[in-house]
Amino acid sequence: MNDPRVTFYHAPQSRSGGTRALFEELGVDYDLHVLNLKTGDQREPAYLAINPMGKVPAIHHGNALITEQPAVFMYLADLYPEAKLAPQIGDPLRGPYLRWLVFYGSCFEPALVDKSMQREPAPPSTCGYGDYDTMLKTLTDQLEKGPWLLGDTFSAADVLWGGALNWTTMFKLVPELPVVRAYIDRVLARPAMQRAAAADAALAAKQSG
Ligand SMILES: N[C@@H](CCC(=O)N[C@@H](CS)C(=O)NCC(=O)O)C(=O)O
């Protein structure tokens, strides 16, 4: 199933950092293909032929192209079940696990983009994320239950959310509430997350040097 190896298209200090951290948590080998977003690698025909969106992360496995962070996370965590980062079908946590991964892409990111552009969102009944405050409260109410999004079970969803909340609080798009800060710190304290962050910082330094 997980033969051939996965190819991972990554740019340092970007959204694909979460996928890099996930690989580290999974403890698996993969082929790394690095792009430099500053020099426009993502708009070159060679990369657009792989991902027409010109975005990272993207992964290739066999003939399958997978883009969009929640899909990438679900795919990889299912591909390597021995790492136990995805509740399996039949596990009562499977539904909440899928919910929080998809919530990231369909509610959190659109809400953040509207906020960062200081754009008037659509009315809550039309807007996919309702409104920013409801979206955030839904998330923080879940984090209050802790320690992880699925309670005592750490999952790929925490890898995605821990990293995302780290950069979004840094950019002041999400308030650094104590519950949010404590959750970020728990996720980032994991050795795999630290290894991924160090490797990514070294890659960024190499690109800018
Ligand atoms: N919906 C995509 C968004 C990916 C995305 O926005 N990636 C950014 C990196 S932070 C990117 O590749 N930007 C390059 C560009 O558009 O030029 C996902 O969730 O994976």
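The following dialogue reads strands, a helix, two pockets and two single residues in a predicted model.

Me: Which strands pair with strand S1, and in which sense?

Reply: A strand is read through its partners and the sense of each pairing. In this predicted model, S1 (residues 7–10) pairs with strand S2 (residues 31–34) in the parallel sense, over four bridges. The pairing of S1 with strand S3 (residues 58–61) is antiparallel and has three bridges. Individual positions give the register: His10 stands opposite Val34 in S2, and Tyr9 stands opposite Ala58 in S3.

Me: Are the residues on the two faces of S1 buried or exposed?

Reply: The two sides of a strand are examined separately. On one side of S1 are Thr7 and Tyr9, on the other Phe8 and His10, and all four are buried, which leaves both faces covered.

Me: How does the chain cross from S1 to S2, and what is the handedness of the crossover?

Reply: The chain passes from S1 through helix H1 (residues 17–26) and on to S2. This β-α-β crossover is right-handed.

Me: How many residues of helix H3 are buried, and which are they?

Reply: The general idea concerns helical periodicity. An α-helix has 3.6 residues a turn, so residues three or four places apart point the same way. For H3 (residues 69–79), eight of the eleven residues are buried, and the helix is mostly covered. The buried residues are Gln69, Pro70, Val72, Phe73, Met74, Leu76, Ala77 and Leu79.

Me: What covers the buried residues of H3?

Reply: The covering elements include H1, S3, strand S4 (64–67), helix H4 (94–116) and helix H6 (156–170).

Me: What is the volume of the largest pocket, and which elements give two or more residues to its lining?

Reply: Rolling a probe the size of a water molecule over the atoms shows where empty space is left. Here the largest pocket has a volume of about 620 Å³. Its lining comprises 22 residues, of which Ser14, Gly17, Gly163, Asn166 and Trp167 are the closest to the centre. The elements that give two or more residues to this lining are H1, H6 and helix H8 (191–208). H6 provides the largest share, seven residues. By character, the lining divides into twelve nonpolar, eight polar and two charged residues.

Me: How is the lining of the second largest pocket made up?

Reply: The second largest pocket holds about 460 Å³ of space. Of its 19 lining residues, Arg15, Lys55, Val56, Glu68 and Gln69 lie nearest the centre. H3 and H4 each supply at least two residues of the lining, and H4 gives the most, with three. The lining divides into six nonpolar, eight polar and five charged residues. Gln69 thus belongs to two descriptions: this residue is among the buried residues of H3 and also lines the second largest pocket.

Me: Why does Arg190 count as partly exposed, and what is it in contact with beyond its neighbours in sequence?

Reply: Arg190 counts as partly exposed because its relative accessibility is 23%, and the buried class ends at 20%. This residue is found in the loop between helix H7 (178–188) and H8. Leaving aside neighbours within four places in sequence, Arg190 is in contact with Glu25, Trp148 and Phe154. The C-alpha atoms of Arg190 and Glu24 are separated by 10 Å, although the two residues are 166 residues apart along the chain.

Me: Why does Ala64 count as partly exposed, and how far is it from Thr140 in space?

Reply: Ala64, in strand S4, counts as partly exposed because its relative accessibility is 30%. Ala64 and Thr140 are 76 residues apart in sequence, and their C-alpha atoms are 35 Å apart in space.

Key
Residues are numbered from 1 along each chain as its sequence is written. This is a predicted model: local features need pLDDT of at least 70, side-chain atom pairs count only at pLDDT 80 or more; totals for chains, interfaces and linings use all residues. Side-chain values use heavy atoms; hydrogens and water are left out. Buried means under 20% relative accessible area, exposed over 50%, partly exposed in between (1.4 Å probe, protein chains only). Two strands pair if DSSP finds at least two bridges between them. A crossover is right-handed if, with the strands pointing away from the viewer, the path from the first strand over the helix to the second runs clockwise. Contact means heavy atoms within 4.5 Å. On a 1 Å grid over the protein atoms alone, a cavity is a set of points where a 1.4 Å probe fits but cannot get out, and a pocket is an open set with protein on both sides within 12 Å along at least five of seven lines; lining residues have an atom within 4 Å of a point. Grid points are joined across faces, edges and corners, and a volume is the space filled by probe spheres set on the points. Ala, Val, Leu, Ile, Met, Phe, Trp, Tyr, Cys and Pro count as nonpolar, Asp, Glu, Lys and Arg as charged, and the others, Gly among them, as polar.
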